[in-house]
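Reader: Please take a close look at one part of this model, the places where aromatic rings meet other side chains, and then follow the packing outward from there. I would like a connected account rather than a list.

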Amino acid sequence: MNVLNEGSSSKGKLELLQVSELGMDADAILADLTHYYSRMLGRRTLRTDTPYLYKALVHATRDRLMERWNRTNITLERSNARRAHYLSMEFLMGRLLGNAMFSLGSEDASSEALASLGVDISSIIEAEHDAGLGNGGLGRLAACFLDSCASLGLPVVGYGIRYRYGMFHQRISNGRQVEEPDPWLRDGFPWEIERLEFAQIVRFGGRVSHLPDEHGRPRHEWIDTRDVLAIPYDVPIAGFRNGVVNTLRLWSSAATDEFDLTEFNAGGYAEAMAAKNEAENISMVLYPNTATQSGHELRLRQQYFLASASLQDIIADWLRRNDGQLEKFGDKNRFQLNDTHPAIAVPELMRLLIDVHGMPWGEAWATTQSCMAYTNHTLLPEALESWPVEMLERLLPRLMEIIYEINARFLDEVSMHWPGDNRRIRRMSLIEEGPAPRVRMAYLAIVGSFSVNGVAALHSRLLTGGLFRDFAELWPGKFNNKTNGVTQRRWLAACNRDLSALITEHIGDGWISDLEQLAGLRAHADDDGFRHRWRAAKQCSKDRLADRIKSATGIEVDSRMLFDVQVKRIHEYKRQLLNVLHVIHLYDRIRRGDGDELLPRMVLIGGKAAPGYAMAKSIIQCICHVAEVINADPAVRGRLQLVFYPDYNVTAMEAICPAADVSEQISTAGKEASGTGNMKFMMNGAVTIGTMDGANVEIREAVGDDQFFLFGLNVEEIPAVRASYDPAAIIEADPDLERVIELLKSGHFNRREPGILDPVIAALHDPNEPWMTVADFRSFVDAQQRLEKAYRDRDGWTRMSILNTAASGRFSTDRTMREYNNDIWGLEPIGPL
């Protein structure tokens, strides 16, 4: 094969190297694996209890990816086609080895190679740590997007931060969440390649000098800065058997100078290392706790670090390939801002174009607006980031100047559109006035972008009709919807092998690349033999999950129970608390002798609470204390279990979603932007109980009303209920709910820790509580009763499960990425290569 060699000339001369192709058979993989194991890693004896065999297999696999990676880059170099750059603070990748082998088609050969050594490949895959690069749905979505872009041959590069420690490891101690560092890089990350030659300098602090240049034009120079080195590490992202391998570039922060040797020799050891530590803190931890001023400031540093390093890198690469000219830069590049975190990229691109490359303001602004696109992921106003003007002036003084100018010109446009409407001008200003003015980052992203999209039909409608209504009225053509999805390759084909094999046997394997082909399963939904095998595949997944639960918690669960699952970030709007209230209701019924007709049920809840989110941590305590009592009560043994799954992550979800019978998607209507767990569960045949929120609306539309258990207030009904919301009156009027609340108040679930559940009880009685938990309780219980009745009809339930999978075709990120490309990016696909 040919490989481009980057020469040292000013134009980046490219020379071709000839490299022979690597074999994809078991013998070739075995030869490379043993080479790396013995010669690179220095191992003399075969052991599976160390990471070395895993690393050897990764290197053998990565070599094969590297061939395709080089071919992809050669193709892009020669075409100079438009590219997209996906900026995200999170990429929740999960384990990469199994996914890479699946995409390459090398699984069977690698398994055979290891088997010849007496090693089961599954033990090697299990040795890999989840990459600690994300928290929840936002990061997992970004990872799915990269998978689909590569599989569709779209030239898209992901840009993120190489966090030394991930979100955190979650340990449960006496019902409390305990956060521990996630040292996921401790044993190395053999997938990455350090690219020191592309390191960038990122500036902080200092001041701005305003002096005219030799032609008398204003010149802005950002000086006296504290600089940080951004070092890129590249990770290959393989397309599904199409020869395309895209890049995820992750930035690691380092000091421009290792340390002050003079200070060190004088005995000031801490002072000597201060600059180094300050620089390295930027990429130390994902989402530092913003409860403190220093944590708040570090979060801003992280966001600017990502934006500045990425934009500098992209511009430098463009100039190398285009004779130092920026003329077509805006046309040939697209930047997708994954939520508000990278919004600082808007003024940073302006700074680079104006201050560094001498572009006039008008041209720079036209370029910026032509290539920036913003995806919003939240309907919660408090989740829309804003930064104190004082902090921006101190940390990023030149960018704050640019933001002031953007805002002034923008408000001139608003004033021309709505003359004299000062209230609207104040509402739309990028600067929120007050005693401590703040920059509204979402507004900055909207103004600086040519496209703004929501991530589900309902979400997009609520954005343009509510949160961003003023902007939608000013620029109606700028707003659009791109409903999220998930990649079926990881979330069905790879993680649910039993079901995947059954599906492929009956409709072929085309669904792996075209998920709409799952619609062919509808023809088999009434086939008794097919339903029997479908149930058997589900039972195998439930057996495996039961084993995993025991390993993670020590709790033995009966896999013949109904598996009722809610796993996601812990947040009040996601209403894990409503789920617990229902569990207590079932417990109360059984204890009172009113539960003879109830189905045996295991309720599984998992997720992490942000370290500074006290109520979310109280909800975890409530779940764990209720679970401890229920699981120890002989009166309900074999009939009801509640399990909190600790340290929930991608690998856990790969075992959970194939095993779920019921998918709990019970957020308050109008609060969840989209959700993607709902899609993973649906794809694997779980039946949804949920509200009309986020992508639930489209899931219900796709599968049909009869295959979805709907409950709760909708977005149109909530305002009227909230106006006179009286939780205490609702509790008093519902005997079932009243008994549940009394059990909580009595201390039945926390006798050894009186008062520990008081925050939860108080929240349920709060008339200003915006989550409508008490208001939706009765509707939720009624829907659960309908669900139980349906589950008793074994064939009917299996048919429902099959139809859910059959209807999941539209929820592939392949469809999502095609829509992004058709409507926003306009990229020319490459491949197969």
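Author: In this predicted model, a good place to begin is lysine 608, which lies over the face of phenylalanine 168 at 5.1 Å from the ring centre. A second arrangement of this kind involves lysine 542, which is placed over the face of phenylalanine 563, with 4.8 Å to the ring centre.

From charges over rings one can turn to rings beside rings, of which the structure holds 20 aromatic pairs. Tyrosine 86 and phenylalanine 91 make one of them, and because their planes stand at 65°, with the ring centres 6.4 Å apart, the pair is classed as edge-to-face. Both tyrosine 86 and phenylalanine 91 are buried. Their pairing also belongs to a wider arrangement, since ring pairs link Tyr86 and Phe91 with Phe145, Tyr820 and Trp825 into a cluster.

Another pair, phenylalanine 530 with tryptophan 534, is tilted, with 45° between the planes and 5.7 Å from centre to centre. These two residues sit in helix 21 (residues 528–553), where they are 4 residues apart, about one turn of the helix. An α-helix has 3.6 residues a turn, so residues three or four places apart point the same way. Phenylalanine 530 and tryptophan 534 are both buried.

The cluster of rings includes Tyr820, and the next residue to consider, asparagine 821, is found in helix 33 (residues 813–825). Asparagine 821 counts as buried because its relative accessibility is 8%, below the 20% cut-off. A polar atom of its side chain lies 2.6 Å from the backbone nitrogen of leucine 827. When neighbours within four places in sequence are left aside, the contacts of asparagine 821 are Leu154, Gly826 and Leu827.

A side chain also meets a backbone nitrogen at serine 779, a residue of helix 31 (residues 777–792). With a relative accessible area of 28%, serine 779 is partly exposed. A polar atom of the serine 779 side chain lies 2.9 Å from the backbone nitrogen of glycine 712. Along the chain, serine 779 and glycine 712 are 67 residues apart, yet their C-alpha atoms are separated by 5.6 Å. Beyond residues up to four places away in sequence, serine 779 touches Phe711 as well as Gly712.

The nonpolar packing completes the account. The largest nonpolar core has 140 residues, and within it Trp191, Leu396 and Phe410 touch the most other members. Helix 9 (residues 293–321) gives the most to this core, contributing 12 residues. If its neighbours within four places in sequence are left aside, leucine 396 is in contact with Arg203, Phe204, Trp222, Leu300, Tyr304, Ile344 and Met391. There is also a second, separate core of 67 residues, whose members include Tyr587, Phe644, Val687 and Met800.

Finally, helix 17 (residues 457–467) shows how buried positions are covered by surrounding elements: its buried residues are Leu458, His459, Ser460 and Leu463. Their cover includes two strands, strand 18 (451–454) and strand 19 (479–481), together with helix 18 (469–474) and helix 26 (696–703).

Definitions and conventions
Residues are numbered from 1 along each chain as its sequence is written. This is a predicted model: local features need pLDDT of at least 70, side-chain atom pairs count only at pLDDT 80 or more; totals for chains, interfaces and linings use all residues. Side-chain values use heavy atoms; hydrogens and water are left out. A nonpolar core is a set of buried Ala, Val, Leu, Ile, Met, Phe, Trp, Tyr and Cys residues joined through side-chain atoms within 4.5 Å. Buried means under 20% relative accessible area, exposed over 50%, partly exposed in between (1.4 Å probe, protein chains only). Contact means heavy atoms within 4.5 Å. A polar contact is a pair of N or O atoms within 3.5 Å; within protein, one must be able to donate a hydrogen and the other to accept it, and residues adjacent in sequence count only if both atoms are side-chain atoms. Rings of Phe, Tyr and Trp (its six-membered ring) pair if their centres lie within 6.5 Å; planes under 30 degrees apart count as stacked, over 60 as edge-to-face and the rest as tilted. A charge sits over a ring if NZ of Lys or CZ of Arg is within 6 Å of the ring centre and within 35 degrees of the ring normal.
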